[in-house]
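The following paragraphs lead the reader through a single protein chain, element by element. Please keep the model in view while reading.

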Amino acid sequence: MALYARRRDGTLGWRRRAAEPRSLGHHRREVYSKACCSIPPVVSQDYQPKGEFITLHGLKTYVTGPESATEAILLIYDIFGFFPHTLQGADILATSSTRKYRVFMPDFFEGRPADITWYPPTTPEQTENLTTFFSTQAVPSKTLDKIPGVVSAANNPRPFAKWAIVGHCWGGKIASLSAATPNPIFRAAVQCHPAMFDPADATQVTIPMALLASGDEPVDDMAAYQKSLQVPCHVETFSTQIHGWMAARSNLEDAEVRKEYERGYNTV
């Protein structure tokens, strides 16, 4: 599945949605996590992270949430790495309700994320940079191979009772593939404005899945993915939002974006 499509003006961008997603079939049910019954006030700019950076399985990792938490979330950032809006999202997931989580966000790109000025690409150089990045740093197998070690290290010395995985953009692909292993580490998975999206991945998913799409993701693909899922799921399109509204590309100074950012994290 193509990551982006060519617009009429020759630039590259995400394909716009074509229609509203089809509803859940009778053999599926919507699943809403109780993790985010209410979230802290969202900070529009100059956000100060509440967590800390540690080294976990050799990777710089942002960790947030109470040390006493018995459940954990592996948060996979988008291709732009540790951005303030993404760090704030991690803090929201950790502290948004009475059900507390310890949230871990490793630097799988090891200090070499994509430059946010590359997207959406408007020059041949930016297009080449993105293409190279996705074929080198962002190859899913490189990250998938590291996840068991990260979770094992986080479980030491006191294992968490349950793990979930949440992924933004490229991280959504990692979440989808992680949910498709024969013996998954995670009990549930969430994809937020996913990239590298392939409906065929859904047939292998074995754990509950939530999919939060922006108005830029192809609705035909969202519907095909949902139709192929054989697990409890929640699929929703935030039609007024751009790809990346819950992570690095969010403009939280815009009241509508901030409202949908909050609603997205309330839905996770």
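Proline 120 is a convenient point of entry: it is placed in the loop between β6 and α2 (124-135). In this predicted model, the peptide bond that joins tyrosine 119 to proline 120 is cis, with omega at about -5°. A second cis bond leads from asparagine 156 to proline 157, where omega is near 10°; proline 157 belongs to the loop between α4 (147-154) and β7. Most peptide bonds are trans, and most residues other than glycine have a negative phi.

With these loops located, the overall architecture can be set out. The protein contains 7 helices and 10 strands. Of these strands, 8 make up an open sheet of mixed pairing, in the order β3-β4-β6-β5-β7-β8-β9-β10. The edges are occupied by β3 (52-56) and β10 (233-238); each has a single partner strand, so one side of each lacks a neighbour in the sheet. From one strand to the next, the twist averages 20°.

At the β3 edge, β3 and β4 run antiparallel and are joined by 5 bridges. Leucine 56 faces leucine 59 of β4 across this pairing. The hairpin of β3 and β4 has 2 residues between its strands, and histidine 57 takes a positive phi there, near 55°.

Further into the sheet, strand β5 (residues 71-76) runs parallel to β7, to which 6 bridges join it. β5 also pairs with strand β6 (residues 101-106), again in the parallel sense, over 4 bridges. Two residues of these pairings may be picked out: isoleucine 73 has valine 103 in β6 as its bridge partner, while leucine 74 stands opposite isoleucine 165 in β7. In a regular strand the side chains alternate between the two faces of the sheet.

Strand β7 (residues 162-168) is mostly covered, with 6 of its 7 residues buried. β7 pairs in parallel with strand β8 (residues 188-192) over 5 bridges, and histidine 168 has cysteine 192 in β8 as its bridge partner. Between these two strands the chain passes through helix α5 (residues 170-178), making a right-handed β-α-β crossover.

Two helices can be placed against the sheet. Helix α1 (residues 84-95) lies across β3, β4 (59-64), β5, β6 and β7, and runs at about 155° to β6. Helix α6 (residues 219-228) packs on the sheet by touching β8, β9 (209-214) and β10, its direction making about 175° with that of β9.

The interior can now be considered. Of the 268 residues, 53% count as buried. In soluble globular proteins, nonpolar side chains tend to be buried together. The largest nonpolar core here has 75 residues, and those with the most contacts inside it are Leu74, Ile79, Phe104, Trp163 and Trp170. Leaving aside residues up to four places away in sequence, isoleucine 79 touches Phe109, Pro113, Ala114, Leu130, Phe133, Phe134 and Trp170.

Two further loop residues deserve attention for their backbone. Cysteine 169, in the loop between β7 and α5, is not a glycine yet has a positive phi of about 55°. Methionine 196, in the loop between β8 and β9, is likewise not a glycine and has a positive phi of about 50°. Are these residues buried or exposed? Cysteine 169 is buried, with a relative accessible area of 6%; methionine 196, at 19%, is also buried, the limit being under 20%.

Conventions. Residues are numbered from 1 along each chain as its sequence is written. This is a predicted model: local features need pLDDT of at least 70, side-chain atom pairs count only at pLDDT 80 or more; totals for chains, interfaces and linings use all residues. Side-chain values use heavy atoms; hydrogens and water are left out. Buried means under 20% relative accessible area, exposed over 50%, partly exposed in between (1.4 Å probe, protein chains only). Two strands pair if DSSP finds at least two bridges between them. A crossover is right-handed if, with the strands pointing away from the viewer, the path from the first strand over the helix to the second runs clockwise. Axes are lines fitted to C-alpha atoms, for helices over the stretch in contact, and angles run from 0 to 180 degrees between N-to-C directions. Contact means heavy atoms within 4.5 Å. A nonpolar core is a set of buried Ala, Val, Leu, Ile, Met, Phe, Trp, Tyr and Cys residues joined through side-chain atoms within 4.5 Å.
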